[in-house]
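Welcome! Please take a moment to look over the protein shown here before reading on.

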Amino acid sequence: MKISRLIIKNYRNLKDIDIHLNDTVALIGENNSGKSNLLRAVTLPFLADEFGSFGKNLSWVDINDAAKEDYYKYIIDNQKSIVDGTLPCDKFIKNMPIVMVEVHLTPEEKEGFFVKDLSFDIEDNHMVYGLRYEYKPVKIEEIYCTVKNVLEAGKLDMESIGSVKMNLLPTEYYSYSISVPEKGSVSYDILKLYKYTSLEAERDEFSRTRERLGSKSLVKVLQKGLTGNDKLKVEKEYTHFFEELKKISKIDSVINWQDDSDMEDAKEFFSHISILPNMPSMQTILNSIRLGYSDAELSLQGLGYRNLILLFVLMNSLLETKNDVALNVLTIEEPEAHLCINNIRLMASFLKVFTSKNSSMQLFYSTHSTEFINKMDLKNVVVMHNGQAFSFMDELSDENRDYLTKNPNLDLFKLFFSKRCILFEGISEEMLIRSYIDSKQELSDIEMISFHKGFTEIIKIWKKVNVGTGNKLGIIRDYDNQDKSKETHEALDDGVSICVRTTSEYTLEPEIVNMDNNYNVLLER
């Protein structure tokens, strides 16, 4: 089972997102684009199974700023009718901002039992299943009364409202709920089938703390490998250990003062005192085990090795051996954090096959590394910018994704987030353009990507991502006697952020030779 669609409204900087998702989801974007917020949002409809759970109840700061501003403007426009009570309370409450996260679930055929209570709609002759998280006002009368009291103290405008914003939006009267969309609340017995685990980018404590790993991930991995016969063997070995301990410690002589006692029958009394084995639980035994690397304790290894190994253990502990979880979502911020390039490649390879081991596991991660993008199916990619999200599942056809996958020099980070970038065709073009750029100091920040002609759809995404950024994209394409393609591609030129030029001949070389006095300069050489 997987989350196939994600809808987010008014959560932090994510105002309005509605995207379709693949089995694995890789988020890319600049800093402060909303990647971490999306990773957090997707977990809200599920029960926690994480280190350092944040809880489900949000606060004033978690509500989208634009949604709050719309609400404050509504108050200013209607403050007279609020004060005199002519604005109905129920109408007022409808204008309060609500945080909503909705996930649509797509089960495999054998998983129908898990989702039978989560159906709420039919699309294209298929049942739609889902869960919805909402953070919304519940004590309506108290909210209306609080706002009215604030407004009675004096008339407000958009400048003076700043000092009383939190009182005008009293989130202490908000609460969260998890439900089936359009149907109502969902029971705990159903909700417990849907869990998540989260790891933030700042996870130094995760790799430093022995107790967490010993009591959680490592123990789960060890327990999954033990059969009933294995546990019986452990118990027998513990009994053997106990008998050896009795011999070595000479426990029978520890309480031996009875021989010198004046009390009658002292020897008889103390002879009945004995020690018996106190077989600890398997959890207790396994808690005493720690991870190591190269015969040394893991805590003595570098931060990168500790994080890498603990991530492997954590992910393996989440792989279910029984069908007791319908969906287990794992979110990781920057899996490349603290890793050298070889270990980044090792982690990327591991992630590529991770979810295939268990159909109930879905992985979401954010990254700034090409290793975690270029080796993945492009259906996984979601590009984020300024609180918006663009999924390659929605934006590109299968044909276009296949085309991009075959491009050996594809670098989505350079393409989408460079201040200035040039797309071109072929090795000779790269040599010529790079030589020119290297000769001009003012052009040193230009990135270059070798790209073939089928870039129409990807440039449409570029325009969405780069609205208002000031970033520039240049495209140099070979003519190749293809007038229709030339017309299609040059239509992308908007004269502002995208410039498309086609060579007059088949390649770029004649264009450069014929430019200015280049031909004579070449003859002289």
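This report walks through a sheet, its helices, some salt bridges and one serine. Please keep in mind that the model is predicted.

## The open sheet

Let's start with the strands. An open sheet is built from 7 strands, and its order runs β4-β10-β13-β14-β3-β15-β16. The pairing in this sheet is mixed. At the edges you will find β4 (47–48) and β16 (388–391), each of which pairs on one side only.

For a closer look at one pair, find β3 (residues 24–29) and β14 (residues 361–366). These two strands pair in the parallel sense, over 4 bridges. Within this pair, V25 stands opposite F364 of β14.

## Helices across the sheet

Which strands does α14 lie across? They are β10 (194–199), β13 (327–333) and β14, and the helix runs at about 165° to β13. An angle over 145 degrees counts as roughly antiparallel, so α14 and β13 are roughly antiparallel.

Helix α21 (residues 456–465) also has strands to lie across, namely β15 (381–385) and β16. Its direction is about 170° to that of β16.

## Two helices side by side

Two packed helices are described by the angle between their axes and the distance between the axes. Here, the pair to look at is α14 (residues 303–318) and α15 (residues 341–354). Their axes come within 11 Å and cross at roughly 10°. The two helices, α14 and α15, are therefore roughly parallel to each other.

Which residues meet where these helices touch? From α14 come Y305, L308, L311, F312, M315 and N316, while α15 brings N343, L346, M347, F350, L351 and F354. Sorted by class, this contact has 10 nonpolar residues, 2 polar ones and no charged ones.

## Salt bridges

Side chains of opposite charge can pair when their charged atoms come close. How many salt bridges does a search of the whole structure find? The search finds 23. One of the salt bridges joins D16 to K9, with the closest N and O atoms 2.9 Å apart. D16 is exposed, at a relative accessible area of 53%, and K9 is partly exposed at 32% relative accessibility.

Another salt bridge links E134 and K136, where the closest N and O atoms are 3.3 Å apart. Is E134 buried or exposed? With a relative accessible area of 14%, E134 is buried, because that value is under 20%. Its partner K136 counts as partly exposed, at 28% relative accessibility.

A further example sits in a helix. E490 and K486 meet in a salt bridge of 3.3 Å, N to O. Both belong to helix α22 (residues 483–490), and they are 4 residues apart, which means about one helical turn separates them. E490 is partly exposed at 27% relative accessibility, and K486 is partly exposed with a relative accessible area of 26%. Elsewhere, salt bridges that share partners join E102, R132 and E182 into one network.

## A look at S179

Finally, let's visit a single residue. S179 lies in strand β8 (residues 174–180). This serine is buried, with a relative accessible area of 11%.

Which residues does S179 contact, leaving aside its neighbours within four places in sequence? They are G130, L131, R132, G184, S185 and V186. You have already met R132, as part of the network with E102 and E182. For a sense of distance, compare S179 with K15: they are 164 residues apart along the chain, and their C-alpha atoms are separated by 21 Å.

Methods
Residues numbered from 1 in each chain as written. Predicted model: local features only at pLDDT ≥ 70, side-chain atom pairs only at ≥ 80, totals over all residues. Heavy atoms only, no water. Salt bridge = Lys/Arg side-chain N within 4 Å of Asp/Glu carboxyl O. Buried < 20%, exposed > 50% of the residue type's maximum accessible area, 1.4 Å probe, protein only. Axes fitted to C-alpha atoms, helices over the stretch in contact; angles between N-to-C directions. Parallel < 35°, antiparallel > 145°, perpendicular 65-115°, else oblique. Contact = heavy atoms within 4.5 Å. Nonpolar A, V, L, I, M, F, W, Y, C, P; charged D, E, K, R; others polar. Pairing = 2+ DSSP bridges.
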